[in-house]
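User: I'm new to this structure and would like to learn how to read it. Could you take me through a few features?

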Amino acid sequence: MTTIIPALIEHIPFITQQLSSEYHHLNEESGYPIYKTDSSFFAQIVESRIRTPESEFKYFVLTEENWEVLGFISLLQKKRGEILMISLKNQNKANLTTLLSFGIDFLKENGSEFIVFEAAPQESEYQEALKTLWAKKFSSKFIL
């Protein structure tokens with residue numbers, strides 16, 4: 001059985017490694033260094049946000065019964081809520097859907113009037129999950 005909990009200080013290494021890996025992959029896909037990939041930079045930011053309860057940035061981790069971390073979700077809690085990233089240790093559609101649904105519910109319950117997502121073209125499972133939730137494609141990002 002999996003559980004979603006607020007990220008703790010002990011989850012920072014997992015989150016920062018996943019952030020670095022995800023952004024490195026997106027940079028490779030685009031052919032340009034669009035995103036920073038420095039783990040120590042991410043560690044400072046993530047730690048600051050986790051230690052600041054009033055931060056609009058929220059991190060949650062998906063864990064198994066033995067507390068092994070399977071993935072995380074990063075949210076921006078505002079009137080225009082954003083699911084900034086979902087990252088999984090192993091690409092598992094059920095875990096993706098679990099984190100996505102959790103993020104949407106959390107943002108709606110905490111005052112977000114609408115929710116924004118960003119999905120790269122190669123993130124087909126993420127896009128499919130969004131379609132099942134009736135998400136509407138609003139824009140595309142182009143890179144030259």
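User: Let's start with one residue. Is His11 buried or exposed?

Analyst: A quick note before the case: this is a predicted model, where local features need pLDDT of at least 70, side-chain atom pairs count only at pLDDT 80 or more, and totals for chains, interfaces and linings use all residues. Residues are numbered from 1 along each chain as its sequence is written, and side-chain values use heavy atoms, with hydrogens and water left out. Now the idea: buried means under 20% relative accessible area, exposed over 50%, and partly exposed in between (1.4 Å probe, protein chains only). His11 has a relative accessible area of 6%, so it is buried. You'll find His11 in the loop between strand S1 (3-6) and helix H1 (12-30). Helices (H or I, at least four residues) and strands (E, at least two) are DSSP runs, numbered from the N terminus.

User: Which residues is His11 in contact with, leaving aside its neighbours within four places in sequence?

Analyst: Contact means heavy atoms within 4.5 Å. With those sequence neighbours set aside, His11 touches Ile5, Pro6, Val61 and Val69.

User: What pattern does the chain follow along the sequence?

Analyst: Reading along, you get β-α-α-β-β-β-α-β-α, with four helices and five strands in the chain. Of its 144 residues, 36% are buried.

User: How do S3 and S4 pair?

Analyst: Two strands pair if DSSP finds at least two bridges between them. Strand S3 (69-76) and strand S4 (80-88) run antiparallel to one another over six bridges. They make a hairpin with three residues between them, and Ile73 stands opposite Ile86 in S4. S4 also pairs with strand S5 (residues 114-117), this time in the parallel sense over four bridges. There, Glu82 faces Val116 in S5. To get from S4 to S5 the chain goes through helix H3 (residues 93-109), in a right-handed β-α-β crossover. Right-handed means that, with the strands pointing away from the viewer, the path from the first strand over the helix to the second runs clockwise.

User: Why is S4 described as largely enclosed by the rest of the structure?

Analyst: Because seven of the nine residues of S4 are buried.

User: What about pockets? Which residues lie nearest the centre of the second largest pocket?

Analyst: Rolling a probe the size of a water molecule over the atoms shows where empty space is left. On a 1 Å grid over the protein atoms alone, a pocket is an open set of points where a 1.4 Å probe fits, with protein on both sides within 12 Å along at least five of seven lines; lining residues have an atom within 4 Å of a point. Here 16 residues line the second largest pocket, and Leu19, Tyr23, Phe42, Arg49 and Tyr59 lie nearest its centre. Helix H2 (39-51) is among the elements giving two or more residues to that lining, and H2 gives the most, with five.

User: And Trp67, is it buried or exposed?

Analyst: Trp67 counts as exposed, at 57% relative accessibility. Look for Trp67 in the loop between S2 and S3. Its phi is positive, about 70°, although Trp67 is not a glycine. Thr2 and Trp67 are 65 residues apart in sequence, and 8.8 Å apart in space, C-alpha to C-alpha. Thr2 itself is partly exposed, at 33% relative accessibility.
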